[in-house]
Amino acid sequence: MTPRPPKEKRHSPSAIKTFDQCPKQWEFRYRIKPPIEKKIGPPLILGNAVHSVLEQTMALPPAQRTVPAAQDLLRKVWPTIEGRGDAFAGRDEEKQWGEKGLGILQAYSETPDWEATPVELESWATLPLPGGSELFGKIDRVDSFEDGLEIIDYKTGKCRIEPDGLDKDIGAQVYAVAAEHTWKKPVKRVRFIFLEAGVDRVWEPEEDLEDLRELLADEVDMIESTTEFETRTSRLCDWCDYQAMCPAFAAV
Ligand code: SF4
């Protein structure tokens, strides 16, 4: 097995997205790594719980999947999610988010997806880059069809991607190139499923992903060669874990 590159040369979609939004935040999160109290809110608890239930449910043969079993699993998984104890303002708020999760599972069971037979669940995909770097991502589900792989990412938040905009999403791009390399099959579709809204965003990549690989390799080069990390203030500063140490936050 080829050894993986050191951590500073491995790049996930969320790290690249962080750099694009604010290089200073990237520096805090991936270089300096100061001890911070991480804010965990209800959306993260819901997302982690639903992902865990779908992973376990979709591992079963389709005939064995039932809504009551999936919902019971959510009730079991929920108290085990890290950070859940401090995430909610009170029992009523937690109940509302739990009910949202139960509703998501009910609604998803009514889609054709419920009958899918995945070939991968919560699996890591990687792509080595020239210069010893690597792109990697954890893929929620991979379905295999005659014409290639379908890469699936579950989302429990709001859909902010335009109907034809998934090709510009860094996560979708990394999943496509890394999945093709890892499973040695063409990626025919990348699909983000927004579970609460009940909408999908679909991208069918070009047959040859070489241009995209080069684009991502250039982006990684740029991140690795950066020595001065600019602050880029935006509405995202309100949720930034590094406000207290950011030179620009006081001015926001
Ligand atoms: S507070 Fe805003 S400008 Fe500062 S690091 Fe965070 S996101 Fe960047």
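Start by selecting Val-190: beyond its neighbours within four places in sequence, Val-190 is in contact with Ile-151, Leu-166, Ala-172, Ala-176, Arg-201, Val-202, Trp-203 and Pro-205, where contact means heavy atoms within 4.5 Å. Before going on, note that this is a predicted model, in which local features need pLDDT of at least 70 and side-chain atom pairs count only at pLDDT 80 or more, while totals for chains, interfaces and linings use all residues. Residues are numbered from 1 along each chain as its sequence is written, and side-chain values use heavy atoms, with hydrogens and water left out.

**The cores**

Keep Val-190 selected and add Leu-135, Ile-139, Ile-151 and Phe-192: these five have the most contacts inside the largest nonpolar core, which has 35 residues. Such a core is a set of buried Ala, Val, Leu, Ile, Met, Phe, Trp, Tyr and Cys residues joined through side-chain atoms within 4.5 Å; buried means under 20% relative accessible area, with a 1.4 Å probe and protein chains only. Now colour the elements that give two or more residues to this core: helices H1 (13–21), H7 (170–183) and H8 (210–225), and strands E2 (120–128), E3 (134–145), E4 (148–155) and E5 (187–194). Helices (H or I, at least four residues) and strands (E, at least two) are DSSP runs, numbered from the N terminus. H7 gives the most to this core, with 9 residues. Apart from this core lies another, of 26 residues, including Val-50, Ile-104, Tyr-108 and Ile-193. In soluble globular proteins, nonpolar side chains tend to be buried together.

**Strand E1 and helix H1**

Next, pick His-11 in strand E1 (residues 10–11). His-11 counts as buried because its relative accessibility is 2%. Leaving out residues up to four places away in sequence, His-11 touches Ile-16, Glu-134, Leu-135, Phe-136, Val-220, Ile-223 and Glu-224. Move along to H1, where Pro-13, Ala-15, Ile-16, Thr-18 and Phe-19 are buried. The buried residues of H1 pack against E1, helix H2 (23–32), E3, H7 and H8.

**Two backbone stops**

Select Lys-33 in the loop between H2 and helix H3 (42–58); Lys-33 has a positive phi of about 50 degrees although it is not a glycine. Then jump to Glu-122 in strand E2, another residue other than glycine with a positive phi, near 45 degrees. Glu-122 is buried, as its relative accessible area is 17%.

**The ligand**

Finish by showing the residues around the ligand: Cys-22, Gln-25, Thr-231, Arg-232, Thr-233, Cys-237, Cys-240, Cys-246 and Phe-249, each with a heavy atom within 4 Å of it.

Note on methods:
Buried means under 20% relative accessible area, exposed over 50%, partly exposed in between (1.4 Å probe, protein chains only).
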